[in-house]
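Trainee: I've just opened this one and don't know my way around yet. Could you walk me through it?

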Amino acid sequence: MDKQKPSEITLDTPIQYVKGVGPQRAQLFRKIDVETVYDLLYLAPRRYEDRTKITKISELTPNIYATVRGFVSLIGPRKLIGKNGASVVIEDSSGWVEIFFTIPEMVKKFSIGDEVIASGRISQDRYSGRPFFIHPEYAIVGKKGVEELVAGTIVPIYTQTESLDTRLVRKIIYNVLNDSRLRVPETLPEYMRERYYLYSRREALKKLHFPENLDEAQKARNTLVFEEAFYFFIKINWKKEQSLKEAHVLKPNGEITRKFLQTLPFQLTKSQRKVIAEISQDLSSTKAMHRLLQGDVGSGKTIIAIYSLLVAVQNGFQACLMAPTEPLAEQHYIVLNEFLAHLNINTVLLSRSITRKKREELLESIRKGDAQIIVGTHAIIQENVIFKNLALSVVDEQHRFGVVQRGKLLEKSGEHTPHFLVMTATPIPRTLALTFYGDLSISILDEKPANRGKIVTAVRSEEKRKEIYKWLFDKIKEGHKAYIIAPMIERSESLEIKACEEIYRNLLEVAPEYVKIGIMHGRLPTEQKKETMVKFRTSEFNLLVATTVIEVGIDVPDATIIIIEHAERFGLAQLHQLRGRVGRSERKSYCILIRSKNISEDAQLRLEALEKSNDGFYLAEADLEIRGPGEFLGTKQHGFGGFRILHLRKDKEIIEQSKIEALKLINNKDKILNIKEISENLRTLLEGDEVYVA
Ligand code: ADP
Ligand code: MG
């Protein structure tokens, strides 16, 4: 049975070799980006359930969630809810309750007299009116095993996906943590752990998943946040001096930029002119530009990007522009071609859809320098693209574009460091940005182009959908163009696409003939995505049903209506981004947020905030307030900078502390390396050549 069982489990061990996983489940884990033991153990619980409170059996009421504790007094076959199964009856001093299993074999684990803790939702027998449990989580007191951990304790809850149930995830994490073969190298020196009241790494991982109380969970989390931030700072600051190559000097004034600016179809805003001046200044220095451009949706960041690219080209170098999604990369390519039509510049799009032969040709032209501007998704830096003389990279809509990726870019740039511009609509408080990027400069577009039409935002209940559709069809008849966004389904692209297709099919049936509908989601062939966007742009389609693939950056100026289904499921920032797809011309625009009946208070507040304001900075603050600082247990998987545990805002204090320690350590490197207690990981990192450890 035990094929290839490794004698040691390290954090690098593929998940497949973990007890209870195997090749098939490994596939499922891969879907949530868990490939190794490291990924698994750093999968932070979404929240914890406190099952330490024991309810008296006599006080159970239907539909509540409860934990009871009692002794087994009866075991036997039973028919309930129309199913033949078996029951175990447990009693405490106040009464008895039945635990029903639809699979009769499951009662075999119990014996009369066993003490049992059971946690779950309470059902009610339709005939007798009595409460009962059905397939609760339970533990038999005194019996070892994972069951012990799911009742009567603090229980971790993971993000549920289609096929990976939180119980399974919990069990597998438990197995790993209790496997005697597991090796977890320490990462933080002892003096640091003592100073900041942190656990050892192994203990932290244990307590993150199986804390005895919420304080332990917090301390575990603090430890891992500290670790994550600390290594981040070590990596970005270490060898920075050494590896800093000079950048190419790019003269801003020249024929190309002059022509470009002169032929723009609009006046630049004051903000845009200011930012262009800032960038021009940066580029004309041998010190590489490292600039973050923040500007709310629709503030006109693309023009700034194009200008920067052109400065590089004008000086005889290559420049690249990267976007987070394929449709956005595609759009940038189209926009560039429009703006640069008269300038005779060779712009190429490195997309996934092209044939291998075409791809080879493109790579060759990039290597030889024929390709002057290279557009693509972030995959550009992952692949074997070799530039002739890359002097500038622009990254759109991705403030998460981290140091690691930048490191990869540096590798591709030969003797010189490319100038670097990151653009984002997500406002990051300046102090935080500085904490994270140190020498990063920040430009802000705090003004939108004049003559923009108003966006009216309205929240509507889903019962009104029919009327909303009717209104939509009328508007389309008047010449409006619209998006409908399918509901987001957490961690399941396929369900999301299914929902999108359903809406699409339904609309094909109910919409009048003049409504020409297109569909857009991530799994369509690239060719088709391209065609659909072109048709929507040219109004061959006047309604586009889409998933969140169109969330960022898509710019179809004459689209004026966006309807978002199940708006309560989206985050505030995300809704604001989506809304930013309209209001891009002089016409009045509409954003209709369709909500379902029962939504949480937080969701309610989010929707209200959107109705009230169209200002990204205001909304970012509101978002922070709604989510509150106390919500530390609700860590999202995809945080800033690709961090697994730390949250940029919530963990501000720990981040600051770890930064201080990291810098202290770097400045005293020689002394530190002689200290015995320094962790093995840190030693390797400091002694090695690898600057950008992934
Ligand atoms: P974002 O900042 O969201 O990336 P874009 O760069 O896509 O915004 O710009 C939104 C729209 O505004 C585009 O259609 C762009 O051509 C247009 N635009 C940009 N700058 C100006 C300006 N100064 N005046 C008028 N329209 C502008
Ligand atoms: Mg944009």
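Trainee: How many residues surround ligand 1?

Mentor: Keep in mind that we're looking at a predicted model. Among the closest to ligand 1 are Gln267, Gly298 and Arg452, and Thr302 and Asp555 belong to that closest group too. Counting the whole shell, the number is 17.

Trainee: Which side chain has an N or O atom 2.6 Å from an oxygen atom of ligand 1?

Mentor: Let's go through the candidates. Gln272 puts a polar side-chain atom 2.9 Å from a nitrogen atom of the ligand, so to speak the wrong element here. With Thr302 the ligand atom is an oxygen, but the distance is 2.7 Å. The one that fits is Asp555.

Trainee: How much of ligand 1's accessible area does the protein cover?

Mentor: On its own, ligand 1 has 570 Å² of accessible area. As for where it is, ligand 1 sits in the second largest pocket. The share covered by the protein is 88%.

Trainee: Which domains each give at least three residues to the shell around ligand 1?

Mentor: By type, the shell splits into 5 nonpolar, 7 polar and 5 charged residues. By domain, at least three residues come from each of two stretches, 255–445 and 455–636. Those are domain 3 and domain 4.

Trainee: What is the volume of the largest cavity?

Mentor: There are 5 cavities of 30 Å³ or more. The largest is lined by 13 residues, with Leu350, Ser351, Arg352, Thr377 and Ala379 nearest its centre. Its volume is about 130 Å³.

How values were computed. Residues are numbered from 1 along each chain as its sequence is written. Chains are lettered from A and ligands numbered from 1 in the order in which they are written. This is a predicted model: local features need pLDDT of at least 70, side-chain atom pairs count only at pLDDT 80 or more; totals for chains, interfaces and linings use all residues. Side-chain values use heavy atoms; hydrogens and water are left out. A residue is near a molecule or strand if one of its heavy atoms lies within 4 Å of it. A polar contact is a pair of N or O atoms within 3.5 Å; within protein, one must be able to donate a hydrogen and the other to accept it, and residues adjacent in sequence count only if both atoms are side-chain atoms. Accessible areas come from the Shrake-Rupley method with a 1.4 Å probe; for residues, only the protein chains shown count as cover. On a 1 Å grid over the protein atoms alone, a cavity is a set of points where a 1.4 Å probe fits but cannot get out, and a pocket is an open set with protein on both sides within 12 Å along at least five of seven lines; lining residues have an atom within 4 Å of a point. A molecule sits in a cavity or pocket if more than half of its atoms lie within 2 Å of its grid points. Ala, Val, Leu, Ile, Met, Phe, Trp, Tyr, Cys and Pro count as nonpolar, Asp, Glu, Lys and Arg as charged, and the others, Gly among them, as polar. Domain bounds come from an automatic or database domain assignment. Grid points are joined across faces, edges and corners, and a volume is the space filled by probe spheres set on the points.
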